Amino acid sequence: MSVHKTQIANAAELIRNGSVVAFPTETVYGLGADATSDIAVKKIFQLKGRPAHNPLIVHLAHREQLSEYVALKQKSRVAEQLERLSPLWPGPLTIVFPQKKSIITDSASAGLPSVGIRIPNHPIATALLELSNRPIAAPSANISEYVSATTGEHVKDCFGDSIHILDGGPCSLGIESTIIQLSEEHAATILRPGSITREQLKEHLVEELSPIQPDNSMQEKVIAPGQLKKHYAPRTPLYFVERDQHTSFMEAAKSLRVARIFFSEQEKVRDASMSTYYLSTSGEHHECAKNLYATIRALDKAHLDLIVIEKPKQGPLFEALYDRLKRAVKEPKTLLSLAEKTSIE
Ligand code: TXA
Ligand code: MG
């Protein structure tokens with residue numbers, strides 16, 4: 001879908017006037033507002049129903065603007081790490097710096113001294129940032145805890161006509177940015193995996209990455225609320241079911257309205273009794289990521305009893321997909337009791 005330059009200019013004017021605008025990036029749609037305005041940023045939290053302790057990512061048009069918003073000491077460890085990571089910008093990478101400048105309003109960073117910065121690689125996002133001449137604070141454009149939006153239609157499903165949407169069609173990557181936190185004291189840490197993989201980050205940084213922190217320790221901490229356990233979840237219960245358990249599960253769940261999602265068409269499931277969706281033809285991870293949220297959202301509208309999805313394969317490229325799904329699925333034991341109950345009836 002093409003967006004005319006005048007539409008972007010109008011949206012930029014709205015940003016400058018303190019309104020909220022949804023816009024496409026190559027990862028997911030963002031719900032943006034002027035990151036220097038406390039009133040504008042608070043509108044985002046209100047619209048999303050987002051807890052005030054969960055900081056927003058600040059988007060910039062160009063790398064050269066960074067020093068306006070981030071306090072960086074020359075020749076420091078963070079400055080050196082930034083230099084090494086710079087080839088990945090613009091792109092699906094958010095870098096959390098230890099110290100923001102005061103021009104970024106405290107509500108955007110949820111009162112933290114640090115700030116997450118991203119330079120998106122999408123012509124509409126870049127034009128909006130350039131024309132508004134503002135840093136834009138933007139979380140994913142969904143109601144808090146729901147599945148992120150990868151089309152303008154998805155944004156509309158969440159917010160109706162209450163916000164201005166720049167509809168640039170489907171996002172090319174379909175999964176949120178990788179978030180890496182830099183620090184003077186520790187090795188860099190991945191706070192959220194994404195399409196920039198651990199291996200790519202290691203290649204650019206000379207030093208090792210800190211091991212990813214276990215979920216439990218992250219639950220209540222403000223350091224990386226993106227790790228909150230319940231997230232990205234559809235309203236219809238979503239469960240992992242392994243491929244080799246499908247036949248027995250389907251037998252047990254015969255009287256339920258179920259859709260199932262597989263990553264690859266390669267091993268077509270013969271049983272035609274249930275609607276089956278494939279995220280890709282070959283299992284290629286980019287294709288899977290691109291289709292994941294759209295598939296889950298579409299099925300969530302179908303009034304099913306439950307949706308089942310196979311576990312992503314192990315491996316670096318599937319780390320991000322697994323990370324999102326494990327926060328979206330329900331406990332397996334509740335599925336077993338549901339299936340057992342219906343098989344007895
Ligand atoms: O791809 C993306 O990252 C999209 C597009 C719109 O840029 N944005 C996005 O934003 O996914 P959001 O708010 O849905 O997720 C950002 C995550 C949040 O979980 C937040 O806790 C974390 O980034 N975050 C932001 N600033 C942080 C900070 N200073 N320290 C630690 N975590 C931070
Ligand atoms: Mg989000």
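**Helix H10.** I started with H10, residues 285–300: its 16 residues reach 22 Å from first C-alpha to last, close to the 22 Å expected at 1.5 Å a residue. That expected span is 1.5 Å times one less than the number of residues. Helices here are DSSP runs of H or I with at least four residues, strands are runs of E with at least two, and both are numbered from the N terminus.

**Ground rules.** I am working with a predicted model, where local features need pLDDT of at least 70 and side-chain atom pairs count only at pLDDT 80 or more, while totals for chains, interfaces and linings use all residues. Residues are numbered from 1 along each chain as written, chains are lettered from A and ligands numbered from 1 in the order written, and side-chain values use heavy atoms, leaving out hydrogens and water.

**Bend and cap.** I looked for a bend and found one of about 35 degrees at Asn291 in H10; the angle is taken between axes fitted to the seven residues ending there and the seven starting there. At the N-terminal end of H10, Glu284 acts as the cap, with a side-chain oxygen 3.2 Å from the backbone nitrogen of His286.

**What H10 packs against.** I listed the buried residues of H10 (under 20% relative accessible area with a 1.4 Å probe, protein chains only; exposed is over 50%, partly exposed in between), and among them are His285, Leu292, Tyr293 and Asp300. The buried residues of H10 pack against helices H6 and H11 and strands E10, E11, E12 and E13.

**Cysteines.** I checked Cys288 in H10, which counts as buried because its relative accessible area is 0%. Cys158 is also buried, at 18% relative accessibility. I then counted disulfides, meaning pairs of cysteine sulfur atoms within 2.5 Å, and got zero.

**Strand E13.** I moved on to E13, one of the packing partners of H10. In a regular strand, side chains alternate between the two faces of the sheet. In E13 both faces are covered, with Leu306 and Val308 buried on one side and Ile307 and Ile309 buried on the other. E13 runs parallel to E10, joined by three bridges, and Phe240 stands opposite Ile309. E13 also pairs with E11 in the parallel sense, over four bridges, where Ala259 is the partner of Ile307. Pairing requires at least two DSSP bridges between the strands.

**Whole chain.** Zooming out, I noted 12 helices and 13 strands in the protein chain. Buried residues make up 54% of its 345 residues. I also looked at contacts (heavy atoms within 4.5 Å): of those between residues at least 6 apart in sequence, 69% join residues at least 24 apart.

Note on methods:
Polar contact = N/O pair within 3.5 Å; in protein donor to acceptor, adjacent residues only side chain to side chain.
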